[in-house]
Amino acid sequence: MRVLIMAYGSRGDIMPQAAFAAQLRKLGAEVRVCAPPDEEFAEILAGVGVEHVPFGRPVRPLVTGTPPSPGFATEFAAELVAAHFDTVAAAAEGCDVLVASGLMPAGVRSVAEKLGIRYVYACFHPFEMPSTHYLPSPRPGPPVSTDVTDNRALWDLDVEKVNALYLAPLNAHRAAIGLPPLDNVRDHVFGDRPWLAADPVLAPWQELTDLELVQTGAWILPDERPLPDDLEAFLDAGTPPVYVGFGSMPMRTATDVARTTVEAVRAQGRRVLVSRGWAELGLTDDADDCFAVGDVNHQALFGRVAAVVHHGGAGTTTTAARAGAPQVVVPQFVDQPHWAARVAELGIGAAHDGPNPTFESLSAALRTALTPETQARAKAVAGTIRTDGTAVAAKMLLDTAHAAPVSREQISGIAHADHPIKAPLDDDSVSRLLERGLPRGDERVLDLGCGTAEWLLRALATRPHLHAEGVDVSEVALTQARQAASELGVDERLVLHHQEAADFVSAQPFDLVVSVGATHAFGGLLPTLAAARKHLAPGGRVLIGESFWDRAPSPEVIEMFGDLDDLATTVDHVVADGWTPVHGHVSTRGELDAYEWACWGSLASWALDHPADPAGAQVLETATAQRSQWLHGYRDSFGFLCLVLRQTPVAAGK
């Protein structure tokens, strides 16, 4: 199995993907990871033996450099979408599944859709999902009016902000590869069942969001690195220090954050361990009660400190909780205020009020975190933190992907369960067409491409003197037809042939030859009529169904269906080919809509009714994609025509 994992983001976005990739490799999967080109990300992925496909700009200079101009967000969004359809799409070739996370992977699901592979969206916290319980995180774009206070309305505005950034470039790239346009980027990216790679104790999501999340547990990359000797010496030289580090946060708005934190920790009578991070924190003096470190093993370190002061990233929060270390969370943005609140709610630390600590505010938070009660609670909660998140996720992915993919035939069978006539026709229209094609009731009928033989079964059930034959390449469909014929008591008058319709030969001609929705098997309308002519008795009739353009289609729809004619031109071609229409039926808007709703609704219902079936995800994705193509693509231009034809007599002298 081949898996592509992609994420654009900081270290907190890449580390979980590396953990997941390592677990998948352990289980025998081939894995590559699309991630930013930063050197430290390349080293992380190389450390787990995973191919790194760099895409986009380096992240660290974006985060720590000069703040971008106001128009940068729109430009950068278009740049990322282009990379999704270029670098990420190229990396996805030959893969079986694409797992996306990080900064809005707007184009990635479209890539999976075009390649026909499975798509999974994974998030590391539930707080980006729509909810009535909390506000959306700030995004670039126009400020929201203070009059809007309802959470639901604010989440609706969040859709507009995402669309303003990503919709135009996304739809342009979708059009270029023949996919219909979208109208909601955010919800398209999330899908119906996103994965939540967060610990259930730290991030319970039930009833928070409208979506049904699949929670796997946090994706933790085991870290076997020993602590540096000088750090070991510092730890052994005195009481456990308080760790202070803000990871990938530049801490631009905080004033002299290193001095503030060091002084606040010292005021509690504690030693200080400063992590430089992307904010490049350093020591404020050369006193021996302070020590500065770079990238070290937090899993080994956090169990040996008195408390952890950090920004509230999902990974750091989970690592500290797992180690039983009390926490002080100084949240900066996005999910971090929610993690801070959860830490306080669990009693395993304190939530600092806002992103800019002062000596007084941080001292107060530290006093809470360093109490015996908080320390005891942190130790108790540590034992409840799960460590098997990557194993759960990898098994889930492999179990569903190792199942045999659902074939087009199986998809068709499910889709037409509630609409057995595989064409946009209601029962009355089918009956009228059969009446015009079978005026006597004792005819011999042939259906070229009969499928489950629904046309023949209906004709036989109401005409006791009729005899019929059907031809199809699907043994499954023919078996279903035989069973239905037996149940109707018409099996003695029905002969079914398992072969290509174009190769079928019969010793006797037929009074009616049927081919509705199967002209593709012969290469088009006129080749199908040519095949029907070979089987037709003198004075016989043909019942044929074909698509046409009811209105001018878009280029994307033409690419989807091919170059069809309009209604008048279609009929003209038939007449010019030597046929005379004696009856016709153009499917109504009601018939067309009923057919589409039935097909994609049946698929969706089947998937929802079979949540444990490995095929469920593929079936649901197919239903969603096909429904979208219909509603956004061909609904306003597609038409369907059925004709009952007789051969036009050749005029004398011609």
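The following paragraphs describe the overall form, the nonpolar cores, the one cavity and several single residues of a predicted protein model.

Because the model is predicted, local features need pLDDT of at least 70 and side-chain atom pairs count only at pLDDT 80 or more, while totals for chains, interfaces and linings use all residues. Residues are numbered from 1 along each chain as its sequence is written, and side-chain values use heavy atoms, with hydrogens and water left out.

A good place to start is the chain as a whole. The protein chain has 24 helices and 20 strands; these are DSSP runs numbered from the N terminus, with helices being H or I runs of at least four residues and strands E runs of at least two. The radius of gyration of the chain is 32 Å, well over the 26 Å that the globule rule gives for 654 residues, so the chain is more spread out than a compact globule. Here the radius is taken over C-alpha atoms, and the globule rule is 2.2 Å times the number of residues to the power 0.38. Taken along the principal axes, the C-alpha atoms fill a box of roughly 115 × 45 × 40 Å. Of the 654 residues, 51% count as buried, where buried means under 20% relative accessible area, exposed over 50%, and partly exposed in between, with a 1.4 Å probe and protein chains only. Among contacts (heavy atoms within 4.5 Å) between residues at least 6 apart in sequence, 67% join residues at least 24 apart.

Attention now turns to the interior. In soluble globular proteins, nonpolar side chains tend to be buried together. A nonpolar core is a set of buried Ala, Val, Leu, Ile, Met, Phe, Trp, Tyr and Cys residues joined through side-chain atoms within 4.5 Å. The largest such core in this model holds 92 residues, and Phe 20, Leu 24 and Leu 98 touch the most other members. Helix α4 (residues 72-92) gives the largest share of this core, 11 residues. Not counting residues up to four places away in sequence, Phe 20 touches Ile 5, Val 99, Trp 195, Trp 219, Thr 390, Ala 393, Ala 394 and Leu 397. There is also a second, separate core of 50 residues, which includes Val 430, Leu 434, Tyr 595 and Phe 638.

The search for empty space covered the whole structure and found 1 cavity of 30 Å³ or more. On a 1 Å grid over the protein atoms alone, a cavity is a set of points where a 1.4 Å probe fits but cannot get out, and lining residues have an atom within 4 Å of a point. Grid points are joined across faces, edges and corners, and a volume is the space filled by probe spheres set on the points. The largest cavity holds about 40 Å³ of space, and the residues lining it are Arg 589, Leu 592, Glu 596, Trp 630, Tyr 634, Arg 635 and Phe 638. Helices α23 (589-609) and α24 (616-634) each supply at least two residues of this lining, with the largest share, 3 residues, coming from α23. By class, the lining has 4 nonpolar, no polar and 3 charged residues; Ala, Val, Leu, Ile, Met, Phe, Trp, Tyr, Cys and Pro count as nonpolar, Asp, Glu, Lys and Arg as charged, and the others, Gly among them, as polar.

Glu 596, one of the lining residues, sits in helix α23 and is buried, with a relative accessible area of 7%. Leaving aside neighbours within four places in sequence, Glu 596 is in contact with Gly 601, Trp 630 and Tyr 634.

Other single residues are also worth a look. Arg 32 belongs to strand β2 (residues 30-35) and counts as partly exposed at 25% relative accessibility. Arg 32 and Val 50 are 18 residues apart along the chain, with 5.8 Å between their C-alpha atoms. Beyond neighbours within four places in sequence, the contacts of Arg 32 include Val 50, Glu 51 and Val 53. In helix α6 (residues 151-176) lies Asn 171, which is buried at a relative accessible area of 15%.

Two loop residues complete the picture. Met 251 has a positive phi of about 55 degrees although it is not a glycine, and Glu 280, also not a glycine, has a positive phi near 55 degrees. Met 251 lies between β8 (242-244) and α9 (257-267), whereas Glu 280 lies between β9 (272-275) and β10 (290-293). Met 251 counts as buried at 5% relative accessibility, while Glu 280 counts as exposed at 54%.

Key: On a 1 Å grid over the protein atoms alone, a cavity is a set of points where a 1.4 Å probe fits but cannot get out, and a pocket is an open set with protein on both sides within 12 Å along at least five of seven lines; lining residues have an atom within 4 Å of a point.
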